[in-house]
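Me: I am new to this structure and would be grateful for a close look at a single part of it. Please choose one strand and explain how it is placed among its neighbours.

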Amino acid sequence: MYIAGSGGCQITVDEPAALVVALYLREVIGLPGLTNPDIPPLDPPITHWPIWAHRPHDVDRPGLIAGRPDPFDGTLDREQTGLEWARWWRYALAVGSAAGDDLRPPRFASFTGTPLLKQLLQMHHDRAVLWADAISSDPRVKRDLAAPRDGLVALAGQLESSRSRAAEPLRLRITVIPVQTQHGWQLAPDHVVVTRHLIGARDNVLDWLRHSVFALT
C-alpha cells in the first residue's frame, strides 16, 4: 500500500490480501455472477505458480487439498456457499485491508455467521495465502502497482490547489485486484476498483482516474 498526496488530498493505493484470497476461493467455488459489478477471473489463474515459489505437492489439483474432500462432493452446498461468499466479498471490498484481520486460522471465529464459507476457508485458506504471496512477490507486480505513483502525487496536488483552504480533506481509495482485463469500476465517490492491468498502464489509469478524483470536488 502507498499514499500519494498530502493532508489536504490523499490517494491510497492498495491490493488487500483478503480480496485476493476471496477471489481464489471464488475460483474454487467455480460459480460466476457472485459479484456486483461482475469481476472477471483471476489473472494469473490459480493453477499458475511462479517457478521460484514454494508449491503444494498437489499443485496440479487446485480444487483439492491433500487429505481433505472436494468441498462440493456433498460436504458443502454450492449455491449457499456462493451466497455466503458474496456477502463476505461485499464486506471485504468495503473495509479493505482490515478484512484480513478476520482470517485467523484454524477456527476462523469471525465466520460463525457464514458456516459454509468458514468450512471452505478451513479447507483452502492456507493454499490461497501461499498462492497469493507467490504471485505478489513477482517484481513485475510490484512495478505495476507503483507505476502511476508520481502521476497520482501530481493529481492530488492539482486537486488540493483547486480547493479552498477551509475545505474538508479529501480521500480517494484505489483498490487493486489481480483479474483479467484492463478495467476499473467506481464503487463510491471516494472509492474505485481497478485491475492490475489498468494500474500498470500508467497513462491509461491516470486518465481514467482523473474523472473520479475531480468528481470529489
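**Strand β5 and its partners**

Reply: Strand β5 spans residues 191–195, and 5 of its 5 residues are buried, so the strand is largely enclosed by the rest of the structure. Buried here means under 20% relative accessible area, while exposed means over 50% and partly exposed lies in between, with a 1.4 Å probe and protein chains only. Strands (E, at least two residues) and helices (H or I, at least four) are DSSP runs, numbered from the N terminus.

The model is predicted, so local features need pLDDT of at least 70 and side-chain atom pairs count only at pLDDT 80 or more, whereas totals for chains, interfaces and linings use all residues. Residues are numbered from 1 along each chain as its sequence is written, and side-chain values use heavy atoms, leaving out hydrogens and water.

In a regular strand, side chains alternate between the two faces of the sheet. In β5, Val192 and Val194 point one way, and His191, Val193 and Thr195 point the other way; all of them are buried.

The partners of β5 come next. Two strands pair if DSSP finds at least two bridges between them. Strand β3, residues 170–177, pairs with β5 in the parallel sense over 5 bridges. Within that pairing, Val194 of β5 stands opposite Val176. Strand β4, residues 184–188, pairs with β5 in the antiparallel sense over 4 bridges. There, Val192 of β5 is the bridge partner of Gln186. The link from β4 to β5 is a hairpin through 2 residues.
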